[in-house]
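I opened this model today to look up a few places in it, and I am writing down what I found as I go.

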Amino acid sequence: MPFRVMSQASFLTGANATYVSELYARYSENPGSVDPSWAEFFGGLNDDGRTVVAELKGASWNRHPNRIVGVALDEAESGSRKPAAVVATAKSAPVAAADEIRRAALDSIRALMLIRSYRVRGHLQATLDPLALQPRVQHPELDYHSYGFTEADLDRPIFINNVLGMESAPLRDIVAALQQTYCGTVGVEFMHIQDPDQKAWIQRRIESDRNQAAFTERGKQAIFERLSEAEGFEKFLQMKYTGTKRFGLEGGEALIPAIEQILKRGSQLGLREVVLGMAHRGRLNVLTNVMKKPYSALFSEFQGNPATPEDVQGSGDVKYHLGTSADREFDGVTVHLSLTANPSHLEIGNPVVLGKVRAKLQQRGDQSKSSVMALLIHGDAAFAGQGVVMECFAMSQLEGYSTGGTVHLVINNQIGFTTTPRFSRSGPYCTDVAKMVQAPILHVNGDDVEAVVHAARIAMEYRQEFKADVVLDMVCYRRHGHNEGDEPAFTQPLMYRVIAAHPTTRQIYADQLIAEGVLTREQTDRIGSDFQARLEDDFQASKSYKVNKADWLEGKWAGLGALTDEEEMRDENTDVSLDLLQQVGSALTSVPADFNLNKKIQRQLDAKRQMMESGQGIDWATGEALAFGTLLAEGTRLRLSGQDCGRGTFSQRHSVLNDQETEARYVPLNHVKDGQAHYEVIDSLLSEEGVLGFEYGYSLAEPTTLTLWEAQFGDFANGAQVVIDQFISSGESKWLRMSGLVMLLPHGMEGQGPEHSSARWERYLQACAEDNWQVCNFTTPANYFHALRRQMRRNYRKPLVVMTPKSLLRHRLAVSPLADFGPGSRFRRVMPETEKLVADAKISRVVLCSGKVYYDLFEERAKRGINDVAIIRIEQLYPWPKETLTTQLARYPSAEIVWCQEESANMGPWMFVDRRLHYILDHTDHPTGLAYYVGRQSSAAPATGSHKNHVAEQALLVEQALVADVKSLPEPFSRASKLSKVQDPRQAKSA
Ligand SMILES: Cc1ncc(C[n+]2csc(CCOP(=O)(O)OP(=O)(O)O)c2C)c(N)n1
């Protein structure tokens with residue numbers, strides 16, 4: 001190999017590795033700043049060569065007899081892959097020895113490049129697939145020939161600076177150590193990590209024991225017992241309930257010892273609580289073998305019995321969606337576990353779990369985030385495919401959402417239902433998404449149960465050390481079809497032929513332990529048969545098993561109860577003393593003396609002060625802040641998150657004030673009074689699904705905090721539709737888990753186009769049943785205030801979905817007097833007519849409406865001087881205020897009843913109120929018998945893109961509601977002109 005040796009003068013100056021690397025750093029910044037001979041050398045390095053040189057810093061080269069002090073070049077022109085190299089020579093080495101010295105140093109550098117390649121790409125050659133379906137590809141960068149070595153070099157010692165515990169070793173040993181460390185049954189991806197400590201930690205942890213598991217005999221027996229339970233449980237179910245869906249774990253049984261290791265190691269490292277989230281696969285196994293749900297309880301469910309006591313209402317859910325909680329003890333340390341219930345929608349439980357963890361960490365006041373952790377168990381196809389996985393990674397290190405890192409465990413059975421990885425992901429690994437947060441990824445062969453447990457331990461240690469996410473990808477297989485009634489050979493005949501002939505993980509481990517002399521065949525068999533006998537006993541017991549108590553309203557929920565009577569009959573005390581209101585008002589309008597307030601904000605605060613002093617004209621944002629502030633003063637914590645919610649999308653909230661000189665933040669609501677509760681207001685990442693799921697999870701774990709999520713505009717919430725459908729609207733019915741989450745959805749037809757107009761509240765209304773939540777559209781700040789306070793002053797929790805205003809934030813009429821917040825005030829489900837009109841009996845029309853359109857109707861009626869049309873606002877659409885409305889409508893026996901909305905007929909509340917109004921009118925023998933619709937015609941898009949058309953439509957519908965002959969209006973679902981002319985019977989009469 002033709003090397004050009006640089007002039008001795010340029011490098012024989014006592015330099016060492018640190019010097020070379022520092023020189024390289026200088027060169028990287030400015031090539032002209034180093035001696036041209038160095039510049040030439042560095043310029044000739046390839047990528048790996050550059051990395052190795054950069055990494056020389058801190059190495060212990062000084063101890064090496066041939067200290068690195070100089071440089072050789074490879075022939076840049078040769079185009080060979082062979083590396084450029086640093087040439088070592090002793091300070092005082094005779095020039096005659098230069099060749100030998102140069103070769104030694106070159107060997108070192110080449111060996112280091114090989115080592116580096118193993119660290120980066122060794123996992124590609126690891127033995128990960130128990131089925132060995134893919135031929136093993138030899139990666140050229142893991143071949144020592146690629147670095148200029150030949151067989152002749154195998155036995156020559158090479159100085160490698162203590163890497164892999166070897167100062168100097170023959171190439172043969174180096175390669176063997178690398179193979180053992182990086183290409184065994186654990187493949188480690190970590191070289192993408194930029195944080196030097198995290199990267200070094202993994203490297204040290206992996207290389208120090210050559211990535212080999214070392215268990216005591218007792219440890220091995222314990223692993224075997226867990227494995228036997230995992231396999232024995234599925235076997236037993238298959239025998240007793242052949243073909244019944246259970247989404248068995250077979251092929252991935254090592255999951256159970258892996259979880260046990262995580263919990264055990266975690267308990268030694270300060271972990272006291274784990275919130276688990278997982279999908280269908282292996283869930284029954286985890287429920288019983290990890291969560292210790294009694295086997296007989298589960299068998300009873302297999303016999304068709306409910307999982308809850310008979311007197312508990314609700315839909316319930318299938319067994320492999322249910323959650324549970326338990327206390328487990330590990331060497332005297334108790335770890336509380338809760339497995340979160342989840343819907344069929346894969347991965348959507350993840351943010352919910354994270355929200356719960358966050359709440360629990362805060363309850364414990366654990367700033368270090370050591371004591372509570374999320375353990376998320378994924379399927380390979382779901383992990384690679386579902387976007388919410390990415391959203392959770394995106395949240396993982398954010399101040400408002402961090403939970404100190406999640407341990408992710410992927411049951412990578414190399415199939416998703418019937419789909420092979422080739423069709424289900426674009427990257428090489430199903431775990432590639434985790435690289436977005438530079439999480440280390442440990443791929444492990446699921447048939448090597450010791451390796452799985454070893455990797456699980458590393459994962460747990462990493463999480464506790466760095467409070468960051470880490471992924472364990474357990475490559476395994478699925479012994480049966482997707483579920484137990486499914487024939488996998490229809491789609492993967494070859495794979496399933498291999499699986500049929502493949503021994504179980506337990507068999508493999510039993511053979512290993514017998515060969516090692518840890519257990520005898522009799523012992524392994526007995527462990528299996530004893531467990532089957534135990535299951536048989538529990539099976540017999542299950543026949544008389546009765547669930548005697550529902551597991552809700554415990555822990556933090558103790559003292560709260562279920563809503564059993566009519567919601568409408570309840571009135572909560574939500575009024576507040578004027579003193580407290582003034583105290584909050586004063587906090588809202590004050591900043592520290594040295595705070596440089598923005599001038600415009602100053603004017604806003606002055607206006608607020610004026611509102612509070614006069615007790616008049618309190619606007620929306622102030623009403624909300626009064627609700628927040630009074631709750632905080634009374635000791636109720638608050639968490640509000642959503643995009644830009646600190647300021648507010650419409651620049652209305654200003655919960656956070658920013659110093660104009662320093663950008664220091666000041667949150668007035670945290671300065672209401674001493675001893676008050678804390679207000680956490682978080683500008684969220686640009687996610688709906690992840691964040692809403694997170695806040696829902698938070699609300700599940702934390703009933704004493706008012707948890708609110710705000711959409712930027714209401715319609716964006718449909719990005720989180722799964723959370724709304726699967727959790728918020730139906731979670732209590734399915735899983736007996738209450739939530740007092742508030743969703744704030746800016747809504748209103750204001751000419752901003754098809755988007756940004758409607759929050760599509762018809763969808764929330766359609767999902768209303770069994771008092772599952774509240775859907776509201778308030779017209780006054782005071783009513784909003786009471787609704788928010790009511791959330792926390794009841795002895796039960798229900799989600800509250802609010803259509804929040806946009807233009808009403810600054811509407812001169814959408815204000816409340818202070819008295820409406822003060823003593824004696826209360827929440828109003830229905831707002832009756834407020835004005836003095838003709839006698840009730842003479843009222844010719846009642847216009848019912850909800851939300852912003854009320855003000856349009858009110859102003860137009862006043863403008864036209866109409867005094868025989870009453871306007872009633874329904875502030876809470878659900879629970880439907882039937883009694884109050886019945887009473888109100890009965891006041892107007894001669895009136896025709898009109899429902900007016902600004903949304904299109906197929907949207908908004910019309911379809912929801914139509915039948916309900918009909919029921920009231922029919923059952924009270926009201927002469928009208930039915931309500932007429934006035935509003936926009938049905939439409940595909942929620943609103944027009946033309947502001948001009950919007951204005952014309954809005955004016956028309958308001959006019960129609962007040963004066964049109966409603967019987968002659970076009971049918972709202974026809975394709976008739978959206979702007980058909982109003983026929984005013986009064987004008988017709990007077991003409
Ligand atoms: C969001 C969502 N889409 C589709 C499905 C239907 N489905 C159920 S299981 C499954 C395959 C899951 O594969 P994987 O994540 O690898 O888990 P495995 O069943 O192999 O354990 C699919 C597509 C679902 N449950 N959730």
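These entries take up the ligand, then one pair of helices, then two points in the backbone.

**Entry 1, the ligand site.** I kept in mind throughout that this is a predicted model. I began by asking which residues surround the ligand. I found 15 of them, and the closest are Arg-281, Ser-344, Asp-380, Ala-382 and Ile-415. Sorting this shell by class, I counted 5 nonpolar, 8 polar and 2 charged residues. When I looked up which element gives the largest share of the shell, I arrived at helix H13, residues 380-385, which supplies 3 residues.

**Entry 2, polar contacts of the ligand.** I next went through the oxygen atoms of the ligand, taking N or O pairs within 3.5 Å as polar contacts. In the side chain of His-280, an N or O atom lies 3.0 Å from a ligand oxygen, and for the side chain of Arg-281 I noted a distance of 2.9 Å from a ligand oxygen to an N or O atom. With Ala-381 the partner is a polar backbone atom, and here the distance to an oxygen of the ligand is 2.9 Å. I also looked up how much of the ligand the protein covers, and noted 75% of the 580 Å² of accessible area that the ligand has on its own.

**Entry 3, helices H28 and H31.** Turning to helix packing, I asked at what angle H28 (residues 853-864) and H31 (residues 947-963) cross. Their axes come within 10 Å and cross at roughly 65 degrees, and the crossing is right-handed. On the H28 side I listed Val-853, Asp-856, Leu-857, Glu-860, Arg-861 and Arg-864 as making the contact, while H31 brings Gln-954, Leu-957, Val-958, Glu-959, Ala-961, Leu-962 and Val-963. By class, the residues in this contact of H28 with H31 come to 7 nonpolar, 1 polar and 5 charged.

**Entry 4, two backbone points.** Where does the model have a cis peptide bond? I found one joining Tyr-878 and Pro-879, with an omega of about -10 degrees, and I placed Pro-879 in the loop that runs between strand S25 (876-878) and helix H29 (882-890). I then noted Ser-651, which has a positive phi of about 55 degrees although it is not a glycine; Ser-651 sits in the loop between strand S14 (637-642) and strand S15 (657-658).

Methods
Residues numbered from 1 in each chain as written. Predicted model: local features only at pLDDT ≥ 70, side-chain atom pairs only at ≥ 80, totals over all residues. Heavy atoms only, no water. Near = heavy atom within 4 Å. Polar contact = N/O pair within 3.5 Å; in protein donor to acceptor, adjacent residues only side chain to side chain. Areas by Shrake-Rupley, 256 points an atom, 1.4 Å probe, with all protein chains shown as cover. Helix = DSSP H or I, 4+ residues; strand = E, 2+ residues; numbered from the N terminus. Nonpolar A, V, L, I, M, F, W, Y, C, P; charged D, E, K, R; others polar. Axes fitted to C-alpha atoms, helices over the stretch in contact; angles between N-to-C directions. Left-handed = near helix turned anticlockwise from the far one by under 90°. Contact = heavy atoms within 4.5 Å.
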